[in-house]
Amino acid sequence: MVLSQFLLPIILLVFFYLVLIRPQQKRQKETVKMQSDLQKGDKVITIGGLHGTVDAVDADKVILKSPDGSRLTFEKRSVSQVVQKKESAVAADTATDK
């Protein structure tokens, strides 16, 4: 009787951990790794929706070059995703040059 009273809350806690908490922690780790691996030449999108190319990287800031040529300074944590890494951008440019 007592075991059955504690079994349901324990099962619910395990379920919430597996379905909600664990995947969120995994996404957070991937985002932090992506932001720490930023390099000059990467094409990125910020959380505000700005598309740009990384021009310089500092400890906690990143300077993006927008398509119109202006340079804007952002916090690293404002970069939401990398669209194209530097190596693949160089490969794509040389493929189109041929």
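Arg71 counts as partly exposed, at 49% relative accessibility. In this predicted model, the residue forms a salt bridge with Asp55, and the closest N and O atoms of the two are 2.6 Å apart. Because Arg71 belongs to strand β4 and Asp55 to strand β2 (residues 51–57), the pair ties together parts that are 16 residues apart in sequence.

**Salt bridges**

The structure holds four salt bridges, among them the Arg71 pair and the two described next. The side chains of Lys61 and Glu75 meet with an N to O distance of 3.2 Å. This pair also links distant parts of the chain, since Lys61 lies in strand β3 (residues 61–65) and Glu75 in strand β4, 14 residues apart. Both partners are partly exposed: Lys61 has a relative accessible area of 34%, and Glu75 one of 28%. A further salt bridge joins the side chains of Asp37 and Lys33. Asp37 is partly exposed at 34% relative accessibility, whereas Lys33, at 51%, counts as exposed because the limit for that class is over 50%.

| Salt bridge | N to O distance |
|---|---|
| Arg71 – Asp55 | 2.6 Å |
| Lys61 – Glu75 | 3.2 Å |
| Asp37 – Lys33 | 2.7 Å |

**The sheet**

Five strands form an open sheet in the order β4-β3-β2-β1-β5, and their pairing is antiparallel. The edges are occupied by β4 (71–75) and β5 (79–84); each has a single partner strand, so one side of each is left without a neighbour in the sheet. From one strand to the next, the twist averages 45°.

At the β5 edge, strand β1 (residues 43–46) is joined to β5 by four bridges, and the two strands run antiparallel. Within this pairing, Thr46 has Val79 of β5 as its bridge partner.

**The nonpolar core**

Val79 is also a member of the largest nonpolar core, which has seven residues in all: Met34, Leu38, Val44, Val54, Val62, Leu64 and Val79. Each member has under 20% relative accessible area, because only buried residues enter such a core.

Val62 illustrates how this core relates to its surroundings. Leaving aside residues up to four places away in sequence, Val62 touches Leu38, Val54 and Val79, which are fellow members of the core. Its other contacts are Ala56, Val57, Leu72, Thr73, Phe74, Glu75 and Lys76. Glu75 thus appears twice in this account: as a contact of Val62 and as the salt-bridge partner of Lys61.

How values were computed. Residues are numbered from 1 along each chain as its sequence is written. This is a predicted model: local features need pLDDT of at least 70, side-chain atom pairs count only at pLDDT 80 or more; totals for chains, interfaces and linings use all residues. Side-chain values use heavy atoms; hydrogens and water are left out. Two strands pair if DSSP finds at least two bridges between them. Axes are lines fitted to C-alpha atoms, for helices over the stretch in contact, and angles run from 0 to 180 degrees between N-to-C directions. A nonpolar core is a set of buried Ala, Val, Leu, Ile, Met, Phe, Trp, Tyr and Cys residues joined through side-chain atoms within 4.5 Å. Buried means under 20% relative accessible area, exposed over 50%, partly exposed in between (1.4 Å probe, protein chains only). Contact means heavy atoms within 4.5 Å.
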